[in-house]
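Trainee: I am new to this structure and would like to go through its cysteines and its nonpolar cores.

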Amino acid sequence: MSTLAYDGTAMLGRQLRRMRNNPGLLIITQTMPVSMLLFFGYVFGSALALPGAEYRSFLVPGLLVATAAGGVMTGMFQSAQDVHRGVTDRFRTLPVSRAAVPVGQAAADVLVTAAGTVPFLLVGLAVGWRVEGSTLEAVGAVALLLLFRFACVWIGMFLGLLTRNEEAAGQLGGATFLLPLLSSAYIPTAGLPDGLRTVAEWNPISAVATALRELFGNAPVPGGAAWPVAHPVAGSLAWCAVLLAVFVPLAVRQYGHGRR
């Protein structure tokens, strides 16, 4: 375990330096959620059943979770880039834990996400969003958000190691933008057709978004929803546990063996 911690810390530093040397990616990932908040909140907000200010309070947690789900795309692209450029093969020749590289990449991504959450929440406060729950509940909401991001990055890393190609990873990663659309990230699921509502409510994004709204005190838990949404905190933790239990060993194994 000490070897993994030491090697993982070294890879964490490498990943943070990599992000620092690619400021364009950081700027896009930080400004996109803010742009979507302003666009959805003011343009679409007037066309939805929820009033403007109330809709923005509903939207902020949903956008936080949609951004966290973007960890699938970033993890996929960065892993595929390392494989395609031969970096992963060079790391495999080093006497380091085979889990160190993906652990370092996932930890660095979570740190960057945590830092990027601060300006987004400040913009949310400026447009009328407020934390209506307790401080402890708000801290729990942020912790749950980062845990979900951590799980999503592992999914992306496994898929990136599997595709082994930057272009393919970029195209597949673009499809992840559909995931928040099939959830309650942007709109309540109550008005959806039955079949589509079932799909949306069993989407992990819906459970986490509902949990954040409950913990922040922005919206009550909807009645008559599927179990993960009806019990959002427990449902979110269950989803994160399942995703990590499945994709952590898959990603570590794929990293360790490559094509073999």
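The questions below deal with cysteines first and cores after that.

Mentor: This is a predicted model, in which local features need pLDDT of at least 70, side-chain atom pairs count only at pLDDT 80 or more, and totals for chains, interfaces and linings use all residues. Residues are numbered from 1 along each chain as its sequence is written, and side-chain values use heavy atoms, with hydrogens and water left out.

Trainee: How many disulfides does a search of the whole structure find?

Mentor: A disulfide is a pair of cysteine sulfur atoms within 2.5 Å. The sulfur of Cys240 has its closest cysteine sulfur in Cys152, 7.5 Å away, so the two are too far apart for a bond. Over the whole structure, the number of disulfides found is 0.

Trainee: Is Cys240 buried or exposed?

Mentor: Buried means under 20% relative accessible area, exposed over 50%, and partly exposed in between (1.4 Å probe, protein chains only). The relative accessible area of Cys240 is 1%, so Cys240 is buried.

Trainee: Which helix gives the largest share of the largest nonpolar core?

Mentor: A nonpolar core is a set of buried Ala, Val, Leu, Ile, Met, Phe, Trp, Tyr and Cys residues joined through side-chain atoms within 4.5 Å. The largest one has 51 residues, and Leu64, Val65, Phe120, Phe148, Trp154, Tyr186 and Leu212 touch the most other members. Helices (H or I, at least four residues) are DSSP runs, numbered from the N terminus. The largest share of this core, 12 residues, comes from H7.

Key:
Helix = DSSP H or I, 4+ residues; strand = E, 2+ residues; numbered from the N terminus.
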